[in-house]
Amino acid sequence: QMEGLVREMQDPENGVPVRSQKQFLTSIPSAFMGYDLIEWLMERLSIEESVEAVHIANQLCQYGYFFPVNDSKTLTVKDDSSLYRFQTPYYWPWQHRTPDNVEYAIYLAKRTLRNKQRHALEDYEIEALSSLRRNLQNKWDIIQLQAEEQVRLSKERKKGDKIVSDSQERAFWRVYRPPPGCLSSLETAPVPTRFRPGLSRPPSRKRTLNDLQREVAFLENSLTRTRIKVSTAIENLKSYFETYVEYDPMFVQPQPSNPWITDDQTFWQLNSFVVEVPTEKRVKRWALSMEELMSDPTGLQEFTNYLRKEYSHENIRFWLAVKDLRHSFQAQIHNKVNEIFKEFLAPGAPCEINIDGKTMEKVHQEMRHPSRFTFDSAAEHVYTLLLKKDCYPRFIRSDQYRNLLAAGVQPLQKKRFFVFGGQAKKKVSSTSTTTPSTLQHAVGSTAGGKRRGSDRSLSGSAHELAVCGVRDTTSTPRVPHSHSQSNLTDIPYRCTFFVFSYNYSSDTHCSDTFFHQNFTYQKFSCLFIAPSTFIIIVLQGCQLTVCT
C-alpha cells in the first residue's frame, strides 16, 4: 500500500509537482515542496486536518520513499517550503534486500575518494569505517577497487544526475545505518530463539485434530470476551481521579497540617483507626462505595451500630467472622468452622442468616472437608445481596449518617508560627499596671550604665532589655521607624516578644543573641531549658510577662 501510494505521487499529471526548484542562487533538480506533498495527501486520502497528513508523510519518509534535500540527518517532513526528493525504486525497502557490511564499506570508501568538502564523512561514519577496515581486512583490497570503479563511473554522468544519485544513496544509508541516537523504522526487533544461528531449524510438528480443536475453542472464547475501548478506559480513569483527588495528600494538603513537615500530631489523632468523632472528610468518603466504608475501622463500627438498631447485625457479624477465619492459624480452622456454622447457619441458630438453598447446599458440601474457605460462597452472597445492595444504601440515607456528617470535625489549616509579613496593630489598652519596685530599681541602676551594642544593633543584655521594656513610654519621644535597643519601648500598641539565647561558659560572663519580631500572639512557650536557655518576654503597653 505504501509503494502504491508513492507511485501515485510520482504520476507526472496527477501526482505531486516535481520540478527544478530555485533556492538562492542554486538550482535544485527533481525536488518538490513540503506543503505541495501535504496538500496532495489531504486531497487524495480525504483528510480534513493537516496534522494527520503530516504524520503519514513522516512515516513514508522514515521508510525511505522520499527524503529532505537540505537535511541529511533527520528524516522529517514539514508543512512549509522545504524541499524533498523521491527515492529511486531501487532503494525502496521492499524492492531491495537489507545491505551488508561489505556494501556499507564500499560506500564509505567511495566517499573518502571524492571531494572532501561535499562528501566528507561524519564522526560516526569515520568510526564505522575504521571498524569495518579491521573486520574486513582480508577483503579490503577488493572493496577499495570497487569503490574506485564506482567513482570513475560517476564522473561520466551529468552534474544534475550526479547530484540526484548522490543524495538518494546518502538517504538510503541514512535509513539503514542511522546516526547514533536516531531510530530506524526498518530495524528488526531482536527475537530470542533457542536455536543457534547457522544451524538448520528442526521441522515443525504436524498439527493434529486436537490442536485444531483447541485453537477453535480458544477463538470462540475470544469472541465472547469482554473488551473495553481505550477512550472508555481513559474516561474511567479520569472519573476515578476526580473522585479521589480530594483524599490524595500528594495533590491536596492534609488538614490541619502535614505531620511530616510541622511535627504536629493532630492529623494522626484525627485520623486514627477508631475515633469518637470522625472528620467530615472521612465521613464523606464512606459514601463513595461499600469498600471504603468496610475498610475504615470507624466506619465499620458505625455501620455495625446502625445494623444493630435495625436488627440485622447478624449479616455483618457473619461476614467479619468469615474474614477472621481466612487469617486464622491452621490448628484453629476446624473449631472456628464449627462455631460459625452453629451460630449463623445451623437450623435454629441464635443469629441465623438468610441465604438461598443453592448457597446452603454448597456450604454443606464444603463442611465435609473444612478449610479456611468453607464459607466463602455464603460470605459473598451476604456481602453482595444483603449488605451492599440493601443495608449500605439505607445507612447512607439514614439520619445516623446525616448526623455523623453534620457533627464531623473540620480541621482548619494551621498557619506557620513565624510569618514575616505585615504587622497587625493592637488596640490601645485602657488600663495601666504598676511596675514592681525591683524593676524600677533596675531601671535606675542600668540607666547610667554602659549600653551594649550600637543603635543599629539588635543585641544587648537580657536584664537590660527586660527592664527597658517596662519603662514608661510617655517619658521619651516616639521614634516610629527605629527598632534599636534604646527605642524598643517606643513602639506602642503592639504585642512584641524578645527571645534571648544564653550560652554559658566556665567564667561569669555570658554572650547573648537577641532576636525581635512583632506578632499578635499573647501566649508563648519555651522550647527547652538546658545549658542554652531561651526566655520569651511579652510586652503589651506597660505589662511585662516572662516565660521560661
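Is Cys-61 buried or exposed? In this predicted model, Cys-61 has a relative accessibility of 1%, and because residues under 20% are classed as buried, Cys-61 counts as buried.

## Cysteines

A second cysteine, Cys-391, is likewise listed as buried, with a relative accessible area of 2%. The structure holds 0 disulfides, and that count is worth keeping beside the values for Cys-61, at 1%, and Cys-391, at 2%.

## Confidence in the model

Averaged over the protein chain, the pLDDT is 75, and 70% of the residues reach 70 or more. Over residues 416-548, however, the pLDDT is below 50, although this stretch still has 173 contacts in the model beyond near neighbours in sequence.

## The chain as a whole

The protein chain contains 22 helices and 8 strands, and of its 548 residues 35% are buried. When contacts between residues at least 6 apart in sequence are considered, 59% of them join residues at least 24 apart.

About 36900 Å² of the protein chain is exposed, and carbon and sulfur atoms supply 54% of that area.

## Helix 1

Helix 1 covers residues 2-9, and its buried residues are Glu-3, Leu-5, Val-6 and Met-9. Viewed down the axis of helix 1, these buried residues fall within an arc of 160°, so they line one face of the helix.

The partners of that buried set come from both kinds of element: the buried residues of helix 1 pack against helix 2 (34-44) and helix 3 (50-62), and also against strand 3 (66-68) and strand 4 (83-86).

## Helix 7

Helix 7 is made up of 15 residues, 140-154, which at 1.5 Å a residue should span 21 Å; the C-alpha atoms at its ends are 21 Å apart, so the expected and modelled spans agree. Its buried residues are Trp-140, Ile-143, Ala-147, Val-151 and Ser-154. Seen down the axis of helix 7, they fall within an arc of 70°, and they therefore line one face of the helix.

The cover over the buried residues of helix 7 includes helix 4 (101-112), helix 6 (123-135) and helix 8 (159-176). On the face of helix 7 turned away from its buried side lie the exposed residues Asp-141, Ile-142 and Leu-145.

Note on methods:
Residues numbered from 1 in each chain as written. Predicted model: local features only at pLDDT ≥ 70, side-chain atom pairs only at ≥ 80, totals over all residues. Heavy atoms only, no water. Helix = DSSP H or I, 4+ residues; strand = E, 2+ residues; numbered from the N terminus. Expected span 1.5 Å × (residues − 1). Buried < 20%, exposed > 50% of the residue type's maximum accessible area, 1.4 Å probe, protein only. Arc of directions from axis to C-beta. Contact = heavy atoms within 4.5 Å. pLDDT = per-residue confidence, 0-100. Areas by Shrake-Rupley, 256 points an atom, 1.4 Å probe, with all protein chains shown as cover. Disulfide = S-S within 2.5 Å.
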